[in-house]
Amino acid sequence: MRRVAYFFGSAAAAGAGTYVVIYLYRWQWQRAILCGVLLLVVEVMLLGIVLLGRLARIEERMRDADRRQEDVLARLHEKEARPAGDRFRWLEEPTSRTYVFVPVLMVTGVLLSGLAWIVQRIASATARPTAERRLAGRLAVLAAPGPARDADPNGMDDPRGMYDLDDLPPIGIGARGRRGRTARVLVVSAVGAALVGALVMGLADLTQTREEDAKNSEATSLLLKVDMRGTNMTAERESLAAHQLWERCRDSTSVPLNRATLGTLGDGLFAGVVQPALTDHDRMRLRGCLEDTGLDRTHLTVVGIGDADADDD
């Protein structure tokens, strides 16, 4: 269940982040803010799932520790509850003479240990060194080989042909694994930083205001369509909503619009003309502002946009 939540949460976060970039590129600020809030909500939800999982594991470990502590205390209480008279019962029965057998066994053990010590001393005094050499020769095949003479890190020859293990550099499996893990972390960090930097620079390049060449046309014309949801949406309400959005977006372009007129064509269609003619970047900014969610229950769509000359009707 947790993996399913991670999957859907990651998919929702990826979609929200993608649409944040898309709406920022289209200059649709309201939609970008909504997607950004959704992205934050999903991230907080994923963080909460992770924290809840960690807390559940901590609680389980604490319960296991409490159970083990209770078991140890129960065992200690059982040992304390045992009667003290059951330990050396044979000492409390003076009528029986079997307890004399135990000291006899102890004295016999001491005598046998002394006899074994005497035998060992005699054997060590009469043993020949050839036996030890023969035993060392048999065990030589099990010894670890020493490093070569030319492997001296200080450039000096060892007369014994080997070095101490403490003097050799640590080139074990653990060291190699740590170096490999560090290299992978550095590579992943570098790639992630490069991708984030490319995304930020690309988004900044797409959304920045540029100085473009002026159009040869005198004006730019737009064809708009207004859709309103709900009852009692008359033509007057559609016209009022269209003019509100139009006046709100007049100052969204980089150049001031000297003239910006909007006329009604009927059936929810409106025609707008702005002067001077807009560049491609200003067209995108004006279109994004008009199609953004600015009014309640109102959606405006830019059907077409193009240049217009003075002799056009």
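Here is a walk through this structure, from its opening helix to a disulfide. Keep in mind as you look that the model is predicted.

Let's begin with helix α1, which covers residues 2-25. This helix has 24 residues, and the distance from its first C-alpha to its last is 35 Å. At 1.5 Å a residue, a span of 34 Å would be expected, so the value in the model is close to it. Some α1 residues are hidden from the surface: Gly9, Ala13, Ala16, Val20 and Tyr23 are buried. After the helix comes Trp27, and its phi is positive, near 60°. A little further along you can find Cys35, which counts as buried because its relative accessible area is 14%, and the cut-off for buried is under 20%.

Now move along the chain to strand β1, made of residues 219-228, and look for Thr220 within it. Is Thr220 buried or exposed? Its relative accessibility is 0%, so Thr220 counts as buried. The side chain of Thr220 reaches the backbone nitrogen of Leu278, at 2.8 Å. Leaving aside residues up to four places away in sequence, Thr220 touches a whole list of partners, including Gly272, Val273, Val274, Ala277 and Leu278. Arg283, Ile305, Gly306, Asp307 and Ala308 are also among the residues that Thr220 touches.

Strand β1 also takes part in something bigger. The largest nonpolar core of the model has 17 residues. Leu222, Leu224, Trp246, Val274, Leu290 and Leu300 are the ones with the most contacts inside this core. Which elements give two or more residues to it? They are β1, α6 (235-248), β2 (259-266), β3 (269-275), α7 (280-291) and β4 (298-308). To get a feel for the core, try clicking on Leu290: not counting residues up to four places away in sequence, Leu290 touches Leu222, Leu224, Leu245, Trp246, Cys249, Leu300 and Val302.

One of those partners, Cys249, brings us to the last stop. The structure holds one disulfide, and this bond joins Cys249 to Cys289, with 2.2 Å from S to S. The pair links distant parts of the chain, 40 residues apart: Cys249 lies in the loop between α6 and β2, while Cys289 sits in helix α7. Why is this disulfide called left-handed? The torsion about the S-S bond is about -85°, so the disulfide is left-handed. Cys249 itself has a relative accessibility of 1%, which means that Cys249 counts as buried.

Terms used
Residues numbered from 1 in each chain as written. Predicted model: local features only at pLDDT ≥ 70, side-chain atom pairs only at ≥ 80, totals over all residues. Heavy atoms only, no water. Helix = DSSP H or I, 4+ residues; strand = E, 2+ residues; numbered from the N terminus. Buried < 20%, exposed > 50% of the residue type's maximum accessible area, 1.4 Å probe, protein only. Polar contact = N/O pair within 3.5 Å; in protein donor to acceptor, adjacent residues only side chain to side chain. Contact = heavy atoms within 4.5 Å. Core = buried A, V, L, I, M, F, W, Y, C linked by side-chain atoms within 4.5 Å. Disulfide = S-S within 2.5 Å.
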